[in-house]
Each structure stands twice: as C-alpha cells, then as structure tokens.
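Please open the model in a viewer and keep the selection tool at hand. The stops below are meant to be visited in order.

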Amino acid sequence: MRFLNSCPGKISFLFFVFISVGQSFPLYAVYTSHLKKNSHYRKAADNFPGVILIESRDSRGRPLSTGSGMLIRSSQAEQFYVLTASHVLKGGVSYHVVLQEKSYEIQSVSHFHEFLFDFFPEKTILVAKNNDTGERLFVLRLKQERDRLKEVLVSYGLDIGLGVVKGLPSDIETIELHETQFSEPEKSWVAGFGESGQGYFFGEGFAFWTYGSGTKRAFETVLTPRYQFEFLEGDTMESLAKIYSYSSIFNPGDGHELSGHVGPGDSGGPAISQTSGKVMALVSGTIPMIKKDSLKTDTYWKKIIRWFGARSGSRSPLSYLFWHEANVYGSEAIYAGVGAPLMRQWIRRTLSD
C-alpha cells in the first residue's frame, strides 16, 4: 500500500527527468540525420520504384516480419524475381511482395550459400579477411565444413536470397544490377522500408508500433569494402573467385546530405551507386559497435541515455521512447555485394531455371 501511495510522486519525478533530459539533450532516431525532415527521405525513395516491401506470414496469413527487396526481370522479360537478404525469406510459412496495397506471393526461393556448395569443386577452400586491417578471419573447407560455412557467410554479409514473384503487372518497374564489384569506397543511395525515422524526445512517432513501419525511405552513404572472400582450389591454391561485402557507419548531424543508417525492416534493401544508378549491394545486417570513444566527454544526461539504450532491445518501447538505440547507433551496416561475377552467375542460373 505504501508503494502504491508513493507511485504518483515517482511518476511525477520520472516525468520531470524525461522533460529535463529532453530540454538538455535533444534526442534523435539513429537512422536519419536530425538536420533533415523525414519527408526528404521519403521523396528520395520515389526515385527507386523497384524497391519493394516483403512480408513473411504465418499459416493463417498473418504478418510475422517485414523486409525490403528489389525487383528484377528474367532475360526473356517474362518473369519477375525479388532479390533480398536470405533471412527475410526464412522463418515464415509464406512470403509476399506488397505493392500498392496488393500482395503477390514469392515462390521457388534460392539462397546464395546453397549455390556455392553445388558450384565449387570438392577441395575448394574459402579464405576470408578483414579488408581494413588485413586480418584473416577464417579459413574453411567448403564441402567438409558446410554448417560452419553457412553460419559465417551469413554473419559476414553474404546473406542473399532470390525468389519468383507471381502475378505482378507486366509494366512494373525493376532495377538493374551493376556488373562490376567495387574494391574502393563508393557513394550510394540506400533504399528500404526501415521501421524508424527522425524523431525528437517525446516527439513525433514516440513508439515503434505507431511510426515508420512500412514507409519507404532512401538515404545517402559511402559504402566501403569491409570483408573479402576468396575461393581457392585446394591443391594448387589457385584463385577461383573473389567477392566483397561492404559496410557503412551512420554519421549523424550531416546538414548537406541525407545521411542515415539501416534498421529493422531495411534488410534486403539495395545500395545503388550514385555514379551508375545501378545496384551494387544489398542490406544484409548490422554489427553492433556501441560508441565508447566519447564517454569521457559525454554529459551527465548522455551517460544516462547511453545506459538505458545499452539495456534495451533494438525494437523495444524503451529504446524508441528515448529515440536512442544504443545497440544500433554507431554500428556497422553490412551489405552483400552483387556486382561480383560469381554473384551474377548465381543470379543468371536461377533466372534461367
């Protein structure tokens, strides 16, 4: 009873703390720059109509999760396919492209890692390294260590799936893939259906279930080659193929560009080269890198927010309440490169089946 009697006072104190924090330290969502309006990000996405929303559904047709993807055509222009992150096409009973309030089922899903197991010779070795530091990450025998290989490929960005989309209108717009893989940083547009955007403390949006979900956005970023995967013939150590995954780090406060960062719902969304206008990579996931370099200079309130953010899930009401997801902010967004000859070979084989 004593606790209940004291609740109004405790709630008032917490509300006072929240307001004080909001006045002392403006808090923003981690995905977009606080110097740009959300409408600018939505307008930028209008340039990429081939970027579509994907729903994973249960046995009763209810949505389980959402992701992003891009539409491509077969060479005969008779069939449409969706290219996305593998994990977007897993965990559900069925998968659907949602376009202009209509739903189209995705069928005959192919995963890139399965193609690798079938394509390379028995003694193929995969060597992966950190492209920034030159550090070797792992060396695996493709056939003998299949389960482990699948795990690390997904972890380091080679998480790609491709499926047939049934019933789409014949005049639907698609996106073209780049035919070159990049070994240098490349300025890009990233488009997807992330579930968060710009917001202020107790401001627009407030919680994840009322704001941003299913809204297409595009932002600018620089993609840097992050991980290099080289396939070697086991006896001669001859190089058979090489592929990269890329990364970007959210840079807040950029007043000149639509700077931003990927979040839940963006998986599978394309990164489009600003030079060529073609897709060079797909959003694969994020690697948490909570910023700790500024702890010494952080204000008292920033330390409190960091503490709360570090203890809340990336999609929890608490993290959105504070507009600060510590386990995402400062993290690397990882993108699977689709310009490598090996990747194009998989796509062409799948489209011709």
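Begin with the largest nonpolar core of this predicted model. Select Leu-83, Phe-112 and Tyr-335: of the 64 residues in this core, these three touch the most other members. Strand 10 supplies the largest share of this core, six residues. A second core of 16 residues is separate from it and includes Phe-80, Tyr-95, Val-97 and Ile-106. In soluble globular proteins, nonpolar side chains tend to be buried together.

Stay with Phe-112 and display its surroundings. Not counting residues up to four places away in sequence, Phe-112 touches Leu-158, Ile-160, Ile-243, Leu-342, Met-343 and Trp-346. Now add Phe-115, Phe-119, Phe-120 and Phe-231 to Phe-112 and Trp-346; these six residues form one aromatic cluster.

Next, select His-111, which is found in strand 5 (residues 102–111). Is His-111 buried or exposed? With a relative accessible area of 9%, His-111 is buried. Leaving aside neighbours within four places in sequence, its contacts are Ser-86, Leu-89, Lys-90, Ile-160, Gly-161 and Trp-346. Ile-160 and Trp-346 are thus met again here, having appeared among the residues that Phe-112 touches.

**Aromatic pairs**

How many aromatic pairs does a search of the whole structure find? The search finds nine. A pair of aromatic rings is described by the distance of the centres and the angle of the planes. For one example, select Phe-48 and Trp-189: the ring centres are 6.3 Å apart and the planes lie at 50°, so the pair is tilted. Phe-48 sits in the loop between helix 2 (38–45) and strand 1 (51–57), while Trp-189 belongs to strand 9 (residues 186–192), so the pair ties together parts that are 141 residues apart in sequence. Both Phe-48 and Trp-189 are buried.

For another example, move to Tyr-244 and Tyr-246. Their ring centres are 6.4 Å apart and their planes are at 40°, so this pair is tilted. Tyr-244 counts as buried at 10% relative accessibility, and Tyr-246 is buried with a relative accessible area of 1%.

**Helix 2**

Return to the region before Phe-48 and select helix 2. Its buried residues are Asn-38, Tyr-41, Ala-44 and Ala-45. These residues cover an arc of only 120° around the axis, which puts them on the same side of helix 2. What do the buried residues of helix 2 pack against? They pack against strand 9 and strand 10 (217–232). Strand 9 is the element that holds Trp-189, and strand 10 is the one that contributes six residues to the largest core.

**Strand 1 and its partners**

Beyond the loop that holds Phe-48 comes strand 1. Seven of its seven residues are buried, so strand 1 is largely enclosed by the rest of the structure. In a regular strand the side chains alternate between the two faces of the sheet. Colour the two sides of strand 1 separately: Val-51, Leu-53, Glu-55 and Arg-57 are on one side, and Ile-52, Ile-54 and Ser-56 are on the other. Both faces are covered, with the residues of each side all buried.

Which residue of strand 2 is the bridge partner of Val-51? Select Met-70, which takes that place. Strand 1 and strand 2 (residues 63–73) pair in the antiparallel sense, over seven bridges. Follow the hairpin that these two strands make: there are five residues between the strands, and Gly-61 takes a positive phi near 85°.

Strand 1 is also joined to strand 4 (residues 94–99), by five bridges, and the two run antiparallel. Here Leu-53 has Val-98 as its bridge partner.

**A loop glycine**

Select Gly-134, in the loop between strand 6 (125–130) and strand 7 (136–141). Gly-134 is partly exposed, having a relative accessible area of 46%. Add Gln-228 to the selection: its C-alpha atom is separated from that of Gly-134 by 9.5 Å, although the two residues are 94 apart along the chain.

**The whole chain**

Finally, zoom out and colour by secondary structure. The protein has seven helices and 14 strands, and 52% of its 353 residues count as buried. Among contacts between residues at least 6 apart in sequence, 74% join residues at least 24 apart. With the surface displayed, the accessible area comes to about 16,900 Å², of which 51% belongs to carbon and sulfur atoms.

Key. Residues are numbered from 1 along each chain as its sequence is written. This is a predicted model: local features need pLDDT of at least 70, side-chain atom pairs count only at pLDDT 80 or more; totals for chains, interfaces and linings use all residues. Side-chain values use heavy atoms; hydrogens and water are left out. Rings of Phe, Tyr and Trp (its six-membered ring) pair if their centres lie within 6.5 Å; planes under 30 degrees apart count as stacked, over 60 as edge-to-face and the rest as tilted. Helices (H or I, at least four residues) and strands (E, at least two) are DSSP runs, numbered from the N terminus. Buried means under 20% relative accessible area, exposed over 50%, partly exposed in between (1.4 Å probe, protein chains only). Two strands pair if DSSP finds at least two bridges between them. Contact means heavy atoms within 4.5 Å. The arc is that of the directions from the helix axis to the C-beta atoms. A nonpolar core is a set of buried Ala, Val, Leu, Ile, Met, Phe, Trp, Tyr and Cys residues joined through side-chain atoms within 4.5 Å. Accessible areas come from the Shrake-Rupley method with a 1.4 Å probe; for residues, only the protein chains shown count as cover.
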